[in-house]
Each structure stands twice: as C-alpha cells, then as structure tokens.
Amino acid sequence: MRIELDRPRCEGHGLCEEAAPALMHLNDDGELVIDVPDVDGAGLDGAQAAVRVCPVAALRLAAA
C-alpha cells in the first residue's frame, strides 16, 4: 500500500506523526513529510493509524 497526502488539505496538526513516527514527520515549517510512502506488514498498521487520526482527512492509503 502507498500513503498518499492531500497537501492542500493538511493543516500540520501532527497527529499522524504521533501515530506513525517511523513513517512520517513534520518538517521545521510544519509541513508533513512522508519518509516511507510504500508500506506493508508492521508499517501498514502505523499507516492505517495515521490515516484514522488525521482530523482533516489529508491522508489515505492506495494500492501501490
């Protein structure tokens, strides 16, 4: 699966980063950077959690 970001929708709340710090982080400007866009196995669990907690639905999982 691939993590996709709707950048204009993202408001930089950082909940996704808290849910999946091994996969993504907020840069110094408060913009989300997806470090590991393609996930499976244990990474998929973190990605699903990040998608769930995003308050503005800026993240989604798509088939790679």
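D38 is partly exposed in this model, with a relative accessibility of 44%. The model is a predicted one, so keep that in mind as you work through the exercises.

**Exercise 1.** Work out which residue D38 meets in a salt bridge, and where the two partners sit in the chain.

*Solution.* Start with the side chain of D38: it pairs with that of R2, and the N to O distance is 2.8 Å. That sits inside the 4 Å cut-off for a salt bridge. Next, place the partners. R2 belongs to strand β1, while D38 is in the loop between β3 (32–34) and α2. They are 36 residues apart, so this pair links distant parts of the chain. Finally, check R2 for exposure: its relative accessible area is 33%, which makes it partly exposed. The class runs from 20% to 50%, and D38 falls in it too, at 44%.

**Exercise 2.** How many salt bridges does a search of the whole structure find? Track down the partners of E4 and R9 as well.

*Solution.* The search turns up three. One is the R2–D38 pair you've just met. Now take E4: it bridges to R60, with 2.7 Å between the closest N and O atoms. E4 is in strand β1 and R60 in strand β4, so this bridge ties together parts lying 56 residues apart in sequence. For exposure, E4 comes out at 29% relative accessibility, partly exposed, and R60 is partly exposed as well, at 48%. Then look at R9, whose side chain meets that of D6 at 3.5 Å, N to O. Here R9 has a relative accessible area of 42% and is partly exposed; D6, at 34%, is also partly exposed.

**Exercise 3.** Which residues of α2 are buried, and why do they line one face of the helix?

*Solution.* First, size up the helix. α2 covers residues 41–53, 13 in total, and spans 19 Å from first to last C-alpha, close to the expected 18 Å. Second, list its buried residues: G46, A47, A49 and A50. Third, look down the axis: these residues fall within an arc of 160°, so they line one face. A bit of helix geometry helps here: with 3.6 residues a turn, residues three or four places apart point the same way. Fourth, flip to the face turned away from the buried side, where you'll find the exposed residues G41, D45 and R52. Last, ask what does the covering: it includes β1 (2–5), α1 (15–19), β2 (24–26) and β4 (59–62).

**Exercise 4.** What pattern of helices and strands does the protein follow, and how does its radius of gyration compare with the globule rule?

*Solution.* Count the elements: two helices and four strands. Along the sequence they read β-α-β-β-α-β. The radius of gyration is 10 Å, close to the 11 Å from the globule rule for 64 residues, so the protein is as compact as a globular protein of that length. Its C-alpha atoms fill a box of roughly 30 × 20 × 15 Å along the principal axes. Next come the contacts: of those between residues at least 6 apart in sequence, 60% join residues at least 24 apart. To finish, buried residues account for 27% of the 64, and the protein exposes about 3,900 Å², with carbon and sulfur atoms supplying 49% of that.

Methods. Residues numbered from 1 in each chain as written. Predicted model: local features only at pLDDT ≥ 70, side-chain atom pairs only at ≥ 80, totals over all residues. Heavy atoms only, no water. Expected span 1.5 Å × (residues − 1). Buried < 20%, exposed > 50% of the residue type's maximum accessible area, 1.4 Å probe, protein only. Arc of directions from axis to C-beta. Contact = heavy atoms within 4.5 Å. Rg over C-alpha atoms; globule rule 2.2 N^0.38 Å. Areas by Shrake-Rupley, 256 points an atom, 1.4 Å probe, with all protein chains shown as cover.
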